[in-house]
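Let's take a friendly walk through a few local features of this chain. Please have the sequence and the 3D view ready.

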Amino acid sequence: MRVEFRRQARITPCVICLVLLFAGAARAQQHYKNFRVAVYIPVGVVKQMEDPKWLANSWETISRQVDVDKVYIETYRSRQIAGDNLIEQVKKFFSEHGVQVAGGIALTGNEARQFESFCYTDPGDRAYVKHVAELTARHFDEIILDDFFFVDTKRDSDIAAKGSKSWTQFRLDLMDDAARDLVIGPIKAVNPKAKVIIKFPNWYEHFQGSGFDLDKEPRLFDGIYTGTETRDPVITDQNLQQYESYQIFRYFGNIKPGGNGGGWVDTFSIRYVDRYAEQLWDTVFAKAPEITLFYWGGLLQPVTPGDRDAWKDLHTSFDYDQMLAYRDPGRSTAPTMARVAGYSLKQVDPIVGQLGRPIGIESYKPYQSVGEDFLHNFLGMVGIPIDLQPSFPVNADVVLLTESAKFDPEIASKIKAQLQAGKNVVITSGLLRALEGKGIEDIVELRSTGRRVAVRDYVGAFGAGGGNALGEKQNPEVLIPEIRFLTNDAWPLVRGIASGNGSPLLIMDRYSKGILFVLTIPDNFTDLYNLPPEVLSAIKSYILGDFPVRLDAPSKVSLFAYDNGTFIVESFLDTRAEVSAAVTGDIWELKNVVTGEVVHGERAPAGRQFGPQRTTFRISLEPHSYAAFAEIR
């Protein structure tokens with residue numbers, strides 16, 4: 001009996017290894033088909049994982065609720081650093097559980113002190129950053145920099161090194177140097193096969209002011225990553241709009257085609273739990289190949305519904321009761337935020353597999369430019385799909401230009417060339433004002449007076465004569481810049497009315513073979529949401545032209561379109577939204593790829609209109625819900 005026992009003891013470890021191997025393979029087969037899911041583990045949590053019991057228990061809690069393909073194990077943050085033995089211990093645990101491992105670094109000097117950075121003109125700080133890079137390179141073949149690789153110090157050494165440069169140019173040069181000499185170079189010297197990735201955060205309009213270089217750094221690093229966390233648009237400092245979770249990933253993908261590794265969402269600053277799900281959905285609707293859930297500790301937090309009473313009894317896309325029962329039919333365990341992630345991502349995985357390449361109205365934002373901050377995302381929130389580019393899109397039939405385009409010294413001539421090629425250009429009132437005296441007068445004689453007009457009512461017309469009222473009377477007051485035009489030279493298409501006096505919201509002027517449109521932007525960008533649906537529809541009918549699909553919908557209903565005839569309509573409203581999707585071509589039926597239902601269309605009534613004939617499809621959306629459709633040909 002003792003001999004037999006010894007044989008079993010020798011054989012059992014091998015059997016266990018095989019069981020674990022096949023168990024891991026089985027788990028891998030159940031993971032998402034169209035993206036990978038990673039979890040980021042900050043160094044403070046890595047240190048907690050020194051307790052093997054806590055590590056095992058926390059892994060059990062998370063992995064039962066969301067499938068995890070990969071973890072990023074952080075080695076440094078805010079003067080905390082993980083030791084070699086601990087890093088290897090944590091790596092071993094996840095590798096044995098079939099999870100891919102990568103390294104992470106958060107190069108904060110003091111995160112608690114308003115994200116104080118390292119001082120990159122201080123020799124001691126520079127040596128410390130290099131030390132952290134070399135340490136991490138000893139353990140990982142893939143390393144990501146969390147979104148603190150910037151500089152915000154203005155110490156005496158910075159002031160001396162800056163000289164006559166602007167703070168922006170000084171910091172751009174400083175961080176390009178730090179990337180090469182303190183991070184990438186040292187990592188490659190220790191581990192030549194290491195892939196080094198920089199994660200850019202969500203505040204892209206202001207990057208250059210802190211040394212983030214969207215021009216050079218994507219070429220210096222092996223890959224980039226995108227912060228798609230938009231959180232709540234009201235209570236947070238940045239007031240980022242929900243559409244940015246989609247748009248910013250597409251923008252960074254255009255900056256480094258094929259090298260944008262994924263999107264990154266956290267659990268912070270949300271008033272209702274649906275907001276977390278929406279960020280996850282919009283990241284994968286942008287076709288991110290990987291999504292990182294920040295952070296391990298956040299996924300262990302219990303779920304609270306938040307301020308969702310207005311729709312709690314409706315079957316919205318984020319069905320709270322279904323989430324509670326996800327992988328726990330008996331509801332025997334308390335759900336954590338990991339279950340919200342698991343439920344939300346599993347729901348959209350089969351939908352993402354049917355989507356083509358994302359498309360939108362191409363817009364141009366030069367590197368290191370500012371102006372009408374984050375306006376593209378506000379436009380996305382009123383149903384204008386945006387494809388933001390770092391280079392002027394000369395091949396686009398329609399180009400949308402905001403004030404940031406003024407940073408291109410040749411922008412007026414590029415607008416002219418586009419119009420002469422028979423293409424249309426849409427510029428905002430902010431860009432019109434910025435280009436006065438810089439060549440725009442050679443194209444159009446419009447004038448921004450510098451005065452403001454408070455409008456409440458709206459009229460639309462394509463030509464001479466009386467216009468048609470758009471929307472209800474006495475809408476919320478919207479303050480817009482006043483634009484003057486010359487009669488019969490330019491034509492107002494949509495006007496805002498203030499005490500009987502009209503001021504253009506959208507105006508057109510033909511030049512050569514193309515049309516220049518000027519879109520008036522309210523002083524407060526969120527006042528775009530106060531425009532009646534009929535006004536938004538009129539504006540979109542001109543701006544979108546022959547774009548394959550157009551929404552007639554209230555504000556805060558977004559459109560995500562794809563090149564294979566699929567599209568998604570998502571509502572961020574707290575109430576039900578009635579929407580019409582107008583589709584070009586000989587399309588009479590759509591398939592709802594979520595429900596399988598076939599939706600029948602009707603031809604829009606004949607009449608004077610701008611753009612191609614369309615078929616319209618009526619869609620009803622519950623609050624904070626989406627619907628996905630495919631054309632039936």
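Which residues of helix 15 (residues 411-420) are buried? In this predicted model, they are Ile411, Ala412, Ile415, Gln418 and Leu419. Looking down the axis of helix 15, you will find these buried residues within an arc of 125 degrees, so they line one face of the helix.

What covers the buried residues of helix 15? Several strands take part, including strand 13 (361-364), strand 15 (398-401) and strand 16 (424-428). Strand 22 (501-511) and strand 23 (514-519) also belong to the cover, as does helix 16 (429-435). After helix 15 comes glycine 422, with a positive phi near 85 degrees.

Positive phi also turns up at two residues that are not glycines, asparagine 239 and histidine 624. Here they are side by side.

| Residue | Phi | Loop between | Relative accessible area |
|---|---|---|---|
| Asparagine 239 | about 55 degrees | strand 9 (223-227) and helix 9 (244-255) | 35%, partly exposed |
| Histidine 624 | about 50 degrees | strand 31 (614-621) and strand 32 (626-632) | 0%, buried |

Both sit in loops, yet asparagine 239 is partly exposed, whereas histidine 624 is buried.

One more backbone feature deserves a look. Where is tyrosine 295 found? Tyrosine 295 lies in the loop that joins strand 11 (290-294) to helix 11 (296-299). The peptide bond leading from phenylalanine 294 into tyrosine 295 is cis, and its omega is near 5 degrees.

Note on methods:
Residues numbered from 1 in each chain as written. Predicted model: local features only at pLDDT ≥ 70, side-chain atom pairs only at ≥ 80, totals over all residues. Heavy atoms only, no water. Buried < 20%, exposed > 50% of the residue type's maximum accessible area, 1.4 Å probe, protein only. Helix = DSSP H or I, 4+ residues; strand = E, 2+ residues; numbered from the N terminus. Arc of directions from axis to C-beta. Contact = heavy atoms within 4.5 Å.
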